[in-house]
Amino acid sequence: MTALRIEGLRKRFKGLEALRGVSFEVADGEVVGIVGANGAGKTTLFNTLSGVIRPDTGSIRLHGREISGLAPHMICKLGIGRAFQITRPFLNLTCLENVTVGALNREPRAARARERAMTVLAQVGLDDKAEMLGRDLSVSWRKRLELARALASGPKVLLLDEVLAGLNELEINEMVRLLPTLTTDMTVLIIEHVIQAVLQLCSRAVFMQAGAVLVDGAPNEVMNDPMVIDSYLGTEREC
Amino acid sequence: MHPLDIVQALLYGVVYGSIYALAASGFALTLGVMQIVNFAHGHFIVVAGFLSLLLFRLWAVDPFVSIAATVPLAFVLGAAIYSLVLRHVVMESHHTQIMVTLGIGLIIENVLLLAFGGDLRLASTGYTSRTLRLGGLALSVPKVVAAVLAVVTVALLWAMLRYTKLGKAIRASTDNWQAATLMGIDVRRVRLYAFGLSAVTAAVAGSSLPTFYLLSPFSGIEFLLKAFAIVVIGGVEDVRGVVIGGLLLGLLEAAAGMLFSAAIGSAFTFAVVLVFLAWRPSGLLGRA
Amino acid sequence: MFQVRPLPNTGTAVLTVTLVVVVLALPMVLNSYYLTLAVSAALWAYLSLCWNLSGGYAGLFSFGHTAFFAAGAYTSTLLYTELAVSPWLGMFAGAGMGALLALIIAVLAVRYRIRGMYFSLATVAVVEILRPVLDTWSSVGGSTGILLPLLNSPGNMLFIKRAYYYYVIVGLVAVAMLVTWMIARSRLGYYAIAIREDETAAEVSGVPSARVKRQMLAISAALTAVGGTFYAQFYLFIQPEIVLGWDPQMQMILGTMVGGPGTVAGPVVGSLAFSVLTEVLQLLPIGWSPEIAAIVMRLIWGVILVAVMLYLPGGLLGMGLHARKRARVARA
C-alpha cells in the first residue's frame, strides 16, 4: 500500500529553483530518511508536503488522494503531521495546551482532547512538565513537545525535520530509542544529518541535492554511494 | 473646472506632500531600522510644534528659526525615550510595540494638554497670512517655506544614509541586523542614533507647523496615520519610497478635496491605503 | 495572554458569590450620580470583554471595533426612530450588521494575507472611511447625529430609573464573561490562541485559521454591536464623532491589555480599575476640575500602559503565570 506518491514536484523562489522534479514513493509503515547537504531542498519538500507552500507543478498523493495545493489544516486532517526544524511551540501555552491543540484535530471535544494530549505527553516523557510554558522549555524539551504535538494530531504520515539537531549524544540516543515506539503504525519521513540515526531508524534513504532526488535505496547503500560521500566530504581534488 | 484650479490643486498636493514625506520619514526610519512601530511619532511632531510655539510666544523666535533649538532637543529626548523604554521592545511583537508607543503618546498628549490647554493654536508671524501670487495661482508663503525645508531635510537624510558611515551602518542594520553585528557594527548604538534621527525629522516637521497649521495636543494620532499611510504606499526600505508616498498622499488629498470635500478626501485616502494593504503592503518601493 | 484555566476552587467560588451579591445590591445604595458612573463603568467593562475575544484570544488586534459599536448603535436606533422597532429586537439586527461587517473584514484579511500591524492599520482605515461617510449621510443623521426620546418605555429599552439600565448592562457583562469562558475551554478557544501564538504552526497542527478568525471576529463584533445599542439607549444620543472616535477604541483596548488579554476576568478588572481610578482622582482634595482630573488620569494611564507592557506583558491577571525574561530585555 503506497502511503505517499510524490511526482515531479517543482518549486521556484524568485531566482532559485528549490525543487527540480522530485519524485519518489513511500510505502505504508516505511521509515524513510531524507538526507543531503543544506540547501538541497529537503525542508522545502516538507513544506510542500504539509501544505505550507504550494508547489509550482507536480503531484502529491496521500493514500491515493491528491493533496498538493490543499490548505495545511486540511492536509493535517487527512493525516500528515509535521515537526519543524526550528521548533515552533506555542510559547505562552503550557505543554499540555500545546499538545491539546494537536489532539483537537482528531477529538473535537476539548476535555477528551486534553486527555489524549496527556497520554501523548507521557509517551514522550514530558508529563511532568505538562504545566510548564512553552517559552520556558529548553531546546531538547521543545523538540519533544514539537513531536508530541504532531503525534497528538493523529498522523498517518509523520514528517520529522531534523528532530535531533541541537541535541547532545545522550539526548540523541534517547530519541533514537524513543522514536520507533511512538511511530509503530505510522509512515515516517525523517530529514536528518546525524547519519548514525538514519542508519538505525530508517528502512530506506533518499539523497537529495540541488532540489532533486539522486539516490534512493537502502540506508547503508545510499550512505556508501560515492555521490553522497562526495557531497558530504568532498573529493580529494577539493583540498 | 478651470485648468488653473487643477494646477492649484497640484501645487497644493506637492507642497503638502513634501511636508507629509518629512513627517513620515522618521516613522519609516524606525520601522525599517529596528522594526519598531512607533505610534508616538505623530506626538513627537506635535511636541516640536508646541515647543516652537512656546519659543515664539515667549521670545518671538520665528518657528523656522526655532528648529535650531528643537532639533538638538529632539535628538536628546528621542535617544532618552529609546534607551529607557523602546530598547526593551525591539524584539517584541508589533502589538506590544504599538501598545507601548501608544502609552508614550498618551503621556505626551496629556502633558501637552496640561501645559497648553486643548485649544487649537497658531503662531502668527509677519508672513503667516502672506501669499505668493503667480499668474492666477496662490501659494501660502509659510507652507512653501515649510515644503522647501522638508525637501531639503529629506534630501539631507537621504544623502546621510547613502554617503556617511553612520548612514551605511543604518542601512546595513535595516537589511540584516544579525549580519551587521557580525560585521562589527554596534547595532545597539546604530538603533539609538537612528531613533534620535527619527525624532529630529519629527522636530523639523513639527517646528514648521505653527506657521500654517492649527495645532492641538490631539493632532498626534492624525499625523501618525498619515505617516503610516505613506509607509504602506511608498515602502519602508528606501527614503525615495517615503517621498513618493508623501507626494501621492498630498496629491490624492488635493484631488479629493477639489472634487468633493476634505472629509471625503480623507476617507478616499484610507480607501487607497486599504487597496495597498491588500495588493502591495510593502509599498511601491519596498521589497515584497 | 494566557490561559485556559481549570474550574475554580471553593475559595474562588465563595468570593464570586459575594461579588455577585454586592453587584446586584449596588443600585439600592448608590445615588443617581454614582449609579450613572456604575453603568458607564460596566459598559466599558463589557466592551473590553468583547474586544478581548478578537484581540486577546485570537490575536486580531483590531483598532476598528468602534465600527461594530457604531453598526449596533445606528442599526437599532434607526429601526426604532424610523420603524418603531423595539431596540430589544433591534439589537439583534445590530449584532447581525456587526457580524456581517466583521465577516467582510475577516474574509478580505485572509484572502489578501493582511496580518499583524497591517491588519491593525486596515481596521483603522475602515473606521476612518466610515466616519466621514456617516458624517455626510443626512438620512442617518449626518454629523448632527440622532437623538432618542427621554421617556419610560421598558418595551423599547428606555427607562427613567437608572437602576434598570444598570441591571441590563450587568447582565450583558455576565453574558460576555460566560461566552468568553465557554469559548476559552472549547476547541474554538484553543484554536484561536494557537493562531495568536503561531499561525503556521497552528495550521499544520490542524487549525483551520481562516474559519477561526472569521468566527472569533464575528462573535466579538456582534457582541460589541449590542454594546452600541445599549449605549444609544442609555445616553440617548449618537453621533459619528462620538461612536467612531479614537477614545472609545482606546478604552476598549486599554481595559483588556492592562487587565489581562486572553483571560476571562482581565478586561473587567482592567477597565474597572480605570473607572475607579478616574473617580478617585476627581475626589482627591486637590481642587482639580473634572477636566484636569480626566487629563491627569489619562496621563497616568499612559504610564501604566507602558509599565504593564514592559514588565507585566500578561496584564494584571496574567501576572502569576510567568516571570518576565530579563534575557530578552538585554538582547536589545
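**Exercise 1.** Determine how the radius of gyration of chain A stands against that of a compact globule with 239 residues.

*Solution.* The structure is a predicted model. For 239 residues, a compact globule would have a radius of gyration near 18 Å. Chain A has 18 Å, which agrees. Next, consider the extent of the C-alpha trace: along its principal axes, chain A spans about 60 × 40 × 35 Å.

**Exercise 2.** Describe the burial, contacts and secondary structure of chain A.

*Solution.* Begin with burial, for which the cut-off is under 20% relative accessible area. By this criterion, 55% of the 239 residues of chain A count as buried. Then take the contacts in chain A with a separation of 6 or more: residues 24 or more positions apart account for 65% of them. Finally, the secondary structure of chain A comprises 9 helices and 10 strands.

**Exercise 3.** Characterise the interface of chain C and chain B by its residues, its buried area and its polar interactions.

*Solution.* First, count the participants: chain C contributes 38 residues and chain B contributes 43 residues. Second, state the area: about 3900 Å² is buried between the two chains, and carbon and sulfur atoms give 79% of this. Third, list the polar interactions. There is 1 salt bridge across the interface, formed by the side chains of C:Arg298 and B:Glu109 at 3.2 Å, N to O. In addition, 2 residue pairs are in polar contact across the interface.

Fourth, assign the side of chain C that touches chain B to its elements. Those giving two or more residues are helices H5 (116-136), H11 (246-259), H13 (290-311) and H15 (326-331) of chain C. By class, this side of chain C has 29 nonpolar, 4 polar and 5 charged residues.

Conventions
Residues are numbered from 1 along each chain as its sequence is written. Chains are lettered from A and ligands numbered from 1 in the order in which they are written. This is a predicted model: local features need pLDDT of at least 70, side-chain atom pairs count only at pLDDT 80 or more; totals for chains, interfaces and linings use all residues. Side-chain values use heavy atoms; hydrogens and water are left out. Contact means heavy atoms within 4.5 Å. Buried area is the accessible area (1.4 Å probe) that two parts lose on being put together, summed over both. A salt bridge is a side-chain nitrogen of Lys or Arg within 4 Å of a carboxyl oxygen of Asp or Glu. A polar contact is a pair of N or O atoms within 3.5 Å; within protein, one must be able to donate a hydrogen and the other to accept it, and residues adjacent in sequence count only if both atoms are side-chain atoms. Helices (H or I, at least four residues) and strands (E, at least two) are DSSP runs, numbered from the N terminus. Ala, Val, Leu, Ile, Met, Phe, Trp, Tyr, Cys and Pro count as nonpolar, Asp, Glu, Lys and Arg as charged, and the others, Gly among them, as polar. The radius of gyration is taken over C-alpha atoms; the globule rule is 2.2 Å times the number of residues to the power 0.38. Buried means under 20% relative accessible area, exposed over 50%, partly exposed in between (1.4 Å probe, protein chains only).
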